[in-house]
Amino acid sequence: LDCPALAKMVAEKVLDMEKCPWDAQVNLVLTDNEEIKRVNTEFRGIERATDVLSFPMADYPVPGDFSDIEERDPDAFHPETGELILGDIIISMDKVKEQAKAYGHSNTRELAFLVAHSMLHLMGYDHMVDEERKVMEAKQEEILKNCGYIREMEA
């Protein structure tokens, strides 16, 4: 499993599908349950391991709307490269393996899902209310389909 290559491919697909007009930068950390629990506790006050944490660099009043980000958040751009800094993604590879087994699909598909999910968070999407959750889930499925990961339907 070439995690960096997979993550880059999925991230680029999300950027294309969301029509991001800039080259973008994302910091990806692959870790274990112990470390993600520490970070989750420190930054969110939730003392448990989770599958993925997303730390967006900018706020998006409208999810995926990049139209006014230069004026709204000039600090979201790398001073030397001009790339849009989307933020940080932390993924527990322990959870990738656990969840892939639980859902009956590959570690590769689970990692692709978590990268897609987190990339959408970095662009302002959320799933706290039902309407937003449905939008985010539909986008995730479309991204995975475009990356060649079709969810296996139950017989």
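This is a short talk on one protein chain, its fold, its two largest pockets and a few of its residues.

Hi everyone, and thanks for coming. Before anything else, please keep in mind that this is a predicted model.

Let's begin with the overall fold. The chain has six helices and three strands. If you walk along the sequence, you meet them in the order α-β-α-β-α-β-α-α-α. The C-alpha trace spans about 50 × 35 × 35 Å along its principal axes. How does the radius of gyration sit with the chain length? For 155 residues, a compact globule would come out near 15 Å, and the chain has 16 Å, so the two agree.

A few totals for the chain as a whole. Buried residues account for 40% of the 155. If you take the contacts with a separation of 6 or more, 66% of them are between residues 24 or more positions apart. The exposed surface comes to about 9,000 Å², and 49% of that is supplied by carbon and sulfur atoms.

Now to the pockets. The largest pocket holds about 1,000 Å³ of space. Its lining is made up of 38 residues, and the ones nearest the centre are Phe 113, His 117, His 121, His 127 and Gln 140. Which elements supply at least two residues each to this lining? Those are β2, at 52-56, α4, at 93-103, α5, at 107-122, and α6, at 130-146. Helix α5 has the largest share, with six residues. By class, the lining of this pocket splits into 14 nonpolar, twelve polar and twelve charged residues.

The second largest pocket has a volume of about 210 Å³. It is lined by 13 residues, and the closest to its centre are Ala 7, Lys 8, Ala 11, Val 26 and Met 119. Two or more lining residues come from each of α1, at 3-17, β1, at 24-31, and α5. This time α1 gives the most, again six residues. As for chemical class, here we have ten nonpolar residues, one polar and two charged. You will have noticed that α5 is on the list for the largest pocket and on the list for the second largest pocket too.

So let's stay with α5 and look at three of its residues.

His 121 sits in helix α5, and we just met it among the residues nearest the centre of the largest pocket. Is His 121 buried or exposed? Its relative accessible area is 16%, and buried means under 20%, so His 121 counts as buried. Setting aside neighbours within four places in sequence, His 121 contacts Ser 54, Pro 56, Asp 126, His 127 and Met 136. One of those partners, His 127, is also among the residues nearest the centre of the largest pocket.

Ala 112 is in α5 as well. With a relative accessible area of 0%, Ala 112 is buried. Which residues does Ala 112 touch, not counting those up to four places away in sequence? They are Leu 6, Val 10, Leu 144 and Tyr 149. Leu 6 is worth pointing out on the screen: Ala 112 and Leu 6 are 106 residues apart in sequence, yet their C-alpha atoms are 6.8 Å apart.

The third one is Arg 109, also placed in helix α5. Arg 109 is a charged side chain by class, and it is buried, at 4% relative accessible area. From Arg 109 to Cys 147 is 38 residues in sequence and 9.6 Å in space, C-alpha to C-alpha.

To finish, two loop residues.

Lys 19 lies in the loop between α1 and β1. Its relative accessibility is 67%, and the cut-off for exposed is over 50%, so Lys 19 counts as exposed. What is its phi? Phi is near 55° for Lys 19, a positive value in a residue other than glycine.

Asp 65 belongs to the loop between β2 and α3, which is at 69-72. At 27% relative accessibility, Asp 65 counts as partly exposed. Leaving out residues up to four places away in sequence, Asp 65 touches Tyr 60 and Arg 72. Between Asp 65 and Ala 76 there are 14 Å, C-alpha to C-alpha, for residues eleven apart in sequence.

That's my tour. Thanks for listening, and I'm happy to take questions.

Technical notes. Residues are numbered from 1 along each chain as its sequence is written. This is a predicted model: local features need pLDDT of at least 70, side-chain atom pairs count only at pLDDT 80 or more; totals for chains, interfaces and linings use all residues. Side-chain values use heavy atoms; hydrogens and water are left out. On a 1 Å grid over the protein atoms alone, a cavity is a set of points where a 1.4 Å probe fits but cannot get out, and a pocket is an open set with protein on both sides within 12 Å along at least five of seven lines; lining residues have an atom within 4 Å of a point. Grid points are joined across faces, edges and corners, and a volume is the space filled by probe spheres set on the points. Helices (H or I, at least four residues) and strands (E, at least two) are DSSP runs, numbered from the N terminus. The radius of gyration is taken over C-alpha atoms; the globule rule is 2.2 Å times the number of residues to the power 0.38. Buried means under 20% relative accessible area, exposed over 50%, partly exposed in between (1.4 Å probe, protein chains only). Contact means heavy atoms within 4.5 Å. Accessible areas come from the Shrake-Rupley method with a 1.4 Å probe; for residues, only the protein chains shown count as cover.
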